[in-house]
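Work through the exercises below with the model open. Each task is followed by a solution in steps.

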Amino acid sequence: MSDIVKNCKESMDKRSKSLDGELKQVRTGRASVAVLDNVRVDYYGNPTPLSQVATMSTPDARTITIAPFEKKLIAEIEKAIHKADIGVQPTNDGNVVRLPFPALTEDRRKDIVKNIKKIGEEAKISIRNIRRDSNEEIKKQEKEKKVSEDDRKKLEIDVQKHTDNFIKMIDDKILVKEKEVMTI
């Protein structure tokens, strides 16, 4: 496999993994500690991931509990959650912070699905841009006489196959996430 096709596939794979991370951040009807992955707590002046200063768990489908390793961090954790704007109001009892997730309304579910589709479309655009850049590089190498016309056509076909595979993979991931949002 050519370096261009290999780099193309690697770039598309990175974008696919990035999509996975974005979809984890999307709130569904179930409580998931993944919505807190980007929350940073001020820990002695350093922005620190929440997972490094507290234990997080989901005791039921609609609640996340956060037990800080140091009780004095409760106020900082609440501030960080407010700042992250995940759409949930934290409460605490002096020992743990609770995030109660309300049930999603039908309208809210539809809004979330629209957002999921938008995220998926952005991912597909990225994949197509990678395809375009790879094809331009292949044509450039043909002009420089590094690859023949036949090889160029074969390489472009390989790039298109990877593009089609990743677009289908993205569509599948989006469909699964939509079902998850609409069936809870």
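**Exercise 1. Lining of a pocket**

Find what gives the most to the lining of the second largest pocket.

Solution.
- Start with the model: it is predicted.
- List the lining: Asn 38, Val 39, Arg 40, Val 41, Asp 42, Pro 47, Glu 76, Lys 79, Ala 80, Lys 83 and Ala 84.
- Map the residues to elements. Strand S1 (40-43) and helix H2 (74-84) each supply at least two of them.
- Compare the contributions. H2 gives the most, with 5 residues.

**Exercise 2. Character and volume**

State how the lining residues of the second largest pocket divide into nonpolar, polar and charged, and give the pocket's volume.

Solution.
- Sort the lining by class. The result is 5 nonpolar, 1 polar and 5 charged residues.
- Pro 47 is one of the lining residues, and proline counts as nonpolar.
- Lys 79 and Lys 83 are also in the lining; lysine counts as charged.
- Read off the volume of this second largest pocket: about 190 Å³.

**Exercise 3. The open sheet**

Work out the strand order of the open sheet of 4 strands, then name its edge strands.

Solution.
- Lay out the order: S3-S4-S6-S5, with antiparallel pairing.
- Look for strands that pair on one side only. These are strand S3 (54-60) and strand S5 (91-92), the edge strands.
- Take S3 and its partner, strand S4 (residues 63-68). They run antiparallel and are joined by 5 bridges.
- Pick out one residue pair. Ser 57 has Thr 65 in S4 as its bridge partner.
- Trace the connection. A hairpin of 2 residues leads from S3 to S4.

**Exercise 4. Helix on sheet**

Which strands does H2 lie across, and at what angle does H2 run to S6?

Solution.
- Follow H2 over the sheet. H2 lies across S3, S4, S5 and strand S6 (97-100).
- Take the angle to S6: about 25°.
- Link this to the pocket. H2 also supplies 5 residues to the lining of the second largest pocket.

**Exercise 5. The whole chain**

Why is the protein chain described as more spread out than a compact globule?

Solution.
- Count the elements: 4 helices and 6 strands.
- Put them in sequence order. The pattern is α-β-β-β-β-α-β-β-α-α.
- Check the radius of gyration. The chain has 22 Å, well over the 16 Å that the globule rule gives for 184 residues, so it is more spread out than a compact globule.
- Add the extent. Along its principal axes the C-alpha trace spans about 70 × 40 × 20 Å.

Notes
Residues numbered from 1 in each chain as written. Predicted model: local features only at pLDDT ≥ 70, side-chain atom pairs only at ≥ 80, totals over all residues. Heavy atoms only, no water. 1 Å grid on protein atoms, 1.4 Å probe; cavity = no way out; pocket = protein on both sides within 12 Å on 5 of 7 lines; lining within 4 Å. Points joined across faces, edges and corners; volume = space filled by probe spheres on them. Pairing = 2+ DSSP bridges. Contact = heavy atoms within 4.5 Å. Axes fitted to C-alpha atoms, helices over the stretch in contact; angles between N-to-C directions. Rg over C-alpha atoms; globule rule 2.2 N^0.38 Å.
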